[in-house]
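Q: Please take a close look at one part of this structure and explain it in connected prose for a first-year student. Please also say how that part is placed within the whole.

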Amino acid sequence: METQVAIKSMKQKKIKLDFKDSKYATGRRKRSIAKVWVKKGSGMIHVNGQVMNEYFKRPVHQIIVMRPLELSNVATAYDVRASVKGGGHSGQAGAIIHGISRALVLHDENLKSALKKEKLTTRDSRVVERKKYGRKKARRSFQFSKR
């Protein structure tokens with residue numbers, strides 16, 4: 001019983017982060033929108049008040065989020081705080097990448113060419129195609145029977 005109370009109190013504790021001298025950017029992917037703040041620091045990444053490794057359990061998503069920092073060779077030079085909502089984990093990771101890339105470019109204009117070459121500063125406009133009437137899914141039609 002005591003351990004449950006301790007776990008609840010740990011979850012309710014919000015991490016206070018000072019991001020006064022930071023650059024802000026918005027990132028979007030599918031249905032996800034990420035608000036990202038980047039400032040000079042030690043390489044800590046917080047997503048929705050949690051450490052990135054706790055929020056994104058899958059290693060693939062963790063690698064995706066770290067990609068713009070590693071490409072520009074500043075993985076340990078900046079702290080990142082992101083607030084993301086909407087969509088699933090893949091879309092949220094993509095939105096955070098977009099936001100981090102845009103904020104890094106605001107911080108240091110020299111990083112723009114490396115990030116633009118990898119298409120990280122451009123919004124990925126691919127979204128789910130809507131279902132059409134008279135069809136089973138977006139493109140799949142119902143089974144056709146000749147006889």
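A: The account below begins with the whole chain, turns to one helix, and ends with some side chains elsewhere.

The structure is a predicted model, in which local features need a pLDDT of at least 70 and side-chain atom pairs count only at pLDDT 80 or more, whereas totals for chains, interfaces and linings use all residues. Residues are numbered from 1 along each chain as its sequence is written, and side-chain values use heavy atoms, with hydrogens and water left out.

The secondary structure comprises five helices and five strands; helices (H or I, at least four residues) and strands (E, at least two) are DSSP runs, numbered from the N terminus. Along the sequence they follow the pattern α-β-β-β-β-α-α-β-α-α. The average pLDDT, the predictor's confidence in each residue from 0 to 100, is 87, and 87% of the residues score at least 70. Confidence is lowest in helix α1 (residues 2-12), with a mean of 52, and highest in β1, at 93.

The part chosen here is helix α3. The expected span of a helix is 1.5 Å times one less than its number of residues. For the 13 residues of α3 (residues 59-71) this gives 18 Å, and the end C-alpha atoms are 18 Å apart, which agrees. The helix nevertheless has a kink of about 35 degrees at Val65, shortly before the proline Pro68. Such a bend is the angle between axes fitted to the seven residues ending at a residue and the seven starting there.

Which residues of α3 are buried? They are His61, Gln62, Val65, Met66, Pro68 and Leu69, where buried means under 20% relative accessible area, exposed over 50%, and partly exposed in between (1.4 Å probe, protein chains only). An α-helix has 3.6 residues a turn, so residues three or four places apart point the same way. The buried residues of α3 pack against β3 (45-47), α2 (52-55), β5 (78-85), α4 (89-107) and α5 (112-117). In the protein, 33% of the 147 residues count as buried. Among contacts (heavy atoms within 4.5 Å) with a separation of 6 or more, 68% join residues 24 or more positions apart.

After α3 comes Asn73, in the loop between α3 and β5. This residue has a positive phi of about 55 degrees although it is not a glycine. Asn73 counts as exposed because its relative accessible area is 69%.

Ring contacts complete the picture. Rings of Phe, Tyr and Trp (its six-membered ring) pair if their centres lie within 6.5 Å; planes under 30 degrees apart are stacked, over 60 edge-to-face, and the rest tilted. By this rule there are two aromatic pairs. Tyr24 and Trp37 form a tilted pair, 5.2 Å centre to centre with 50 degrees between the planes. Tyr24 lies in strand β1 (residues 23-29) and Trp37 in strand β2 (residues 32-40), 13 residues apart. The other pair, Tyr55 and Phe56, is edge-to-face, with 5.0 Å between centres and 90 degrees between planes. Tyr55 is buried at 17% relative accessible area, and Phe56 is buried at 0%.
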